[in-house]
Amino acid sequence: MTEVKLQNISKIYNGEETVKNLNLKVNKGEMISLLGPSGSGKTTTLKIIAGLVEAEKGRIFIDGKSVDHVPTQKRGAVIVFQDHRLFPHMTVGGNIEFGLRMQRVPKEIRRKKVQEMLKFVGLEAHGGKFPGEISGGQKQRVAIARGLIVSPKVLLLDEPFSSLDQRLKEEMRSFIVDIQRTLKITTILVSHDKEDALVTSSKIGVMFDGELIQYGTPEELYESPKSLEVARFFGEINEVPLIKTEEDVIHTVLGAFRKKGTLQGFEKGSKLLLRPEAVTLSKEGNDYSSDPGIPGKITNRIYAGEKTYYEVEVEGLRIKASVLGRGIWQVEDSVEIRTLEASLIVCRGKEADNTMGAHNEKE
Amino acid sequence: MKRGLSRILLITLSLSFILPMMMVLIWSATVSWPFPEIFPRGFGLRGFQEIFRPGSPALYSLLTSIRISIIATLLTLGITLPGGKALGIYEFPGKSFIKIFVLAPLIISPVAIGMGVHGTFIRMGLTNTELGVVLIHIVPGIPYGIRIFTNIFELVGEDLEEQGKVLGAGSVQTFMHITLPTVIPGIISAGSMIFIISFSQYFLTFLIGGGSVQTFPLLMVPYIQSGDRLMAASYSVVFIIVALMVLLAIEKTLRLYYRKQSGIAGVFYSRKKVRS
Ligand SMILES: Nc1ncnc2c1ncn2[C@@H]1O[C@H](COP(=O)(O)OP(=O)(O)OP(=O)(O)O)[C@@H](O)[C@H]1O
Ligand SMILES: [Mg+2]
């Protein structure tokens, strides 16, 4: 098992910093995800780890040893690219065999291992076909098998699911999680789909514009995102409009909250966020709770099967809410809004973000 | 309408190739065919007998020609493949200038280039040598090679090579097992063109070889100039057949190499085995 560490990595393309002072540590045998929108530098980061792209600044350590001067073919970091990149002139078996052939493994052993690997990924029947003759999902599995056969120290998966349909995607996700747990290969998965990351990884890093904004467990990222941007990446969210803050009470459009528990971290410039599922709707004048509700009016209703999404107008502002199953409220209904106080998320504002970046640099 | 037009064009084009070729073929097999007569005065193979008679300079020069052209082709490919790759994939200052510059041999007449190089070759002792002829034959092939490989590499990019490296292939292995097979179609077309250009080269061979390097065209052209139609036609037929044979051999060899690259697994998991 292998540990990977990136230290102050920067990459400049055409005068623009594509990767900005990136610090990342992946523990032995761990699987993590890098999440970020298109163009945020995820692929570039993987290429830097594999040595395909040279960083202008910073160092990379694999198992504590600097690999800055180790060429790609000796790093033991295998990338499985989004577009498969199967060698068109080789059969499926030939593709999988490639890495072993480069290591000059004897023919007999190669044959045996390729056969095992074909079986492992469920493609026994396709070893003699050419890449043009198999489906997208099968190509993806060939690409993964081809990477696994060389027993990489680090497996780098670049959006391995983005070209697959929903069912195949779920199948491949659990396939990769299974492989990773069985073989315990240190793995970095890159994606712009939050679900890929949440489902597969023990840690998630969110990248924007080449910067690693936050790195932590899925729970940390979902429940205490460091910024509104990060929070938005993990789904719809309300920014609770603030009215004024006192010594120990925060007054908002959705009511007043005491600064205790998670709200203790609230300071000047902070934002208060609320997931739609933490907003509860009830009938006007309902007095089951001592806590007074805030009156609002339903302005939009979207039924999506497992959930129903609402937009509620409160004092001229739109608040998003969601309920499980088929919500009973219709457009124009008057409702009372209550907030699950424990679900409120405190995050820093924009200016505070920059100071966080500066803090990173010192590390 | 459109189909009719394209058919007429196709027929015209084919005839313009086939008719002169037919004439050459007929000429090569006549005994004699004086001008105003419509039919030749009998058929024979005197021309070919002359070319293939023991001790004929034609056979020897044919070998020289094949040798020179094959070496020149390999060298030209060796220069234009990496050159085309650099132009097709990498960004560097002065790229667009170089792209035009390498086409110079197409634009500037070979006479000018040959004259320009002549002095240098004399000083280096390369005139009247086969090596000198080989080197000068590289020049007219370069634009074709560069063009073809630039286009191919613009298309295939670097993706597969990156994948190869990541899987543990060193530079030489990447080139042999990935780059080369992916550009084989380009090598075949560029190689054929470059070979033909060199094989039919008269002027540059004459200029640098100075008559002491006797290639096949060097023997052939005097017959054409002196109006010995029979001999000229026989030489032409041999020329065409040999050129075709060499091209075919090149293509077959490369295709074999390509097929071998499919990996041993490809042999073991052959399609038949899969179906059974
Ligand atoms: N070889 C290159 N030359 C110049 N710029 C590049 C190169 N590769 C990437 N870039 C630029 O770097 C930025 C980050 O690219 P990268 O491919 O790392 O993004 P990404 O996060 O993987 O995006 P996506 O989700 O679309 O794959 C982009 O703006 C891209 O244009
Ligand atoms: Mg990418």
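## Polar contacts and salt bridges between chains B and A

Between chain B and chain A there are eight residue pairs in polar contact, both residues of each pair being at pLDDT 80 or more, a threshold that applies here because the structure is a predicted model. On the side of chain B that touches chain A, at least two residues each are supplied by helix H8 (159–166), helix H9 (171–182), helix H14 (264–268) and helix H15 (271–275) of chain B. H8(B) gives the most to that side, with seven residues, and by class the side of chain B that touches chain A is made up of 12 nonpolar, 12 polar and four charged residues.

Three salt bridges are also found across the interface of chain B and chain A. In one of the salt bridges, Glu162(B) is paired with Arg85(A), and the closest N and O atoms of this pair are 2.9 Å apart.

## Extent of the interface between the chains

The size of an interface is often given as the accessible area lost when the parts come together. By that reckoning, chain B and chain A bury about 3,000 Å² between them, with 62% of this area on carbon and sulfur atoms. The contact draws on 28 residues from chain B and 40 residues from chain A.

## Chain A as a whole

Chain A contains 10 helices and 21 strands, and its C-alpha atoms fill a box of roughly 80 × 45 × 35 Å when the box is taken along the principal axes. Of the 363 residues in chain A, 51% are buried. When contacts in chain A are restricted to residues at least 6 apart in sequence, 67% of them join residues at least 24 apart.

## The two domains of chain A

The division of chain A gives domain 1, covering residues 4–228, and domain 2, covering residues 236–360. The centres of domain 1 of chain A and domain 2 of chain A, taken over C-alpha atoms, are separated by 38 Å, and the contact between the domains involves 12 residues of domain 1 of chain A and 14 residues of domain 2 of chain A. Together the two domains of chain A bury about 980 Å² between them, of which 53% is on carbon and sulfur atoms. On the side of domain 1 of chain A, Tyr222(A), Lys226(A) and Leu228(A) supply 53% of the area buried against domain 2 of chain A, which is more than any other three residues supply.

As for specific pairings, the count between domain 1 of chain A and domain 2 of chain A is zero salt bridges, whereas two residue pairs are in polar contact, both residues being at pLDDT 80 or more. Strand E2 (16–26), strand E10 (211–216) and helix H8 (218–223) of chain A are the elements that give two or more residues to the side of domain 1 of chain A that touches domain 2 of chain A. E10(A) gives the most to this side, with three residues, and by class the side of domain 1 of chain A that touches domain 2 of chain A has five nonpolar, four polar and three charged residues.

## The two domains of chain B

Chain B is likewise divided, into domain 1 (1–44) and domain 2 (57–275), and the C-alpha centres of domain 1 of chain B and domain 2 of chain B lie 31 Å apart. Seven residues from domain 1 of chain B and seven residues from domain 2 of chain B take part in the contact. The area buried between domain 1 of chain B and domain 2 of chain B is about 570 Å², with carbon and sulfur atoms giving 81% of it. Within domain 1 of chain B, the residues that lose the most area to domain 2 of chain B are Val24(B), Trp27(B) and Ser28(B), which together account for 71% of what that side buries.

Across this interface of domain 1 of chain B and domain 2 of chain B, zero salt bridges are found, and the count of residue pairs in polar contact, with both at pLDDT 80 or more, is also zero. By class, the side of domain 1 of chain B that touches domain 2 of chain B has five nonpolar, two polar and no charged residues.

## A buried threonine in chain B

Thr76(B) is placed in helix H3 (residues 57–89) of chain B. With a relative accessible area of 0%, Thr76(B) counts as buried, because the cut-off for that class is under 20%. Apart from neighbours within four places in sequence, Thr76(B) is in contact with Ile138(B), Gly141(B), Ile142(B) and Ile194(B).

Notes: Residues are numbered from 1 along each chain as its sequence is written. Chains are lettered from A and ligands numbered from 1 in the order in which they are written. This is a predicted model: local features need pLDDT of at least 70, side-chain atom pairs count only at pLDDT 80 or more; totals for chains, interfaces and linings use all residues. Side-chain values use heavy atoms; hydrogens and water are left out. Domain bounds come from an automatic or database domain assignment. Contact means heavy atoms within 4.5 Å. Buried area is the accessible area (1.4 Å probe) that two parts lose on being put together, summed over both. A salt bridge is a side-chain nitrogen of Lys or Arg within 4 Å of a carboxyl oxygen of Asp or Glu. A polar contact is a pair of N or O atoms within 3.5 Å; within protein, one must be able to donate a hydrogen and the other to accept it, and residues adjacent in sequence count only if both atoms are side-chain atoms. Helices (H or I, at least four residues) and strands (E, at least two) are DSSP runs, numbered from the N terminus. Ala, Val, Leu, Ile, Met, Phe, Trp, Tyr, Cys and Pro count as nonpolar, Asp, Glu, Lys and Arg as charged, and the others, Gly among them, as polar. Buried means under 20% relative accessible area, exposed over 50%, partly exposed in between (1.4 Å probe, protein chains only).
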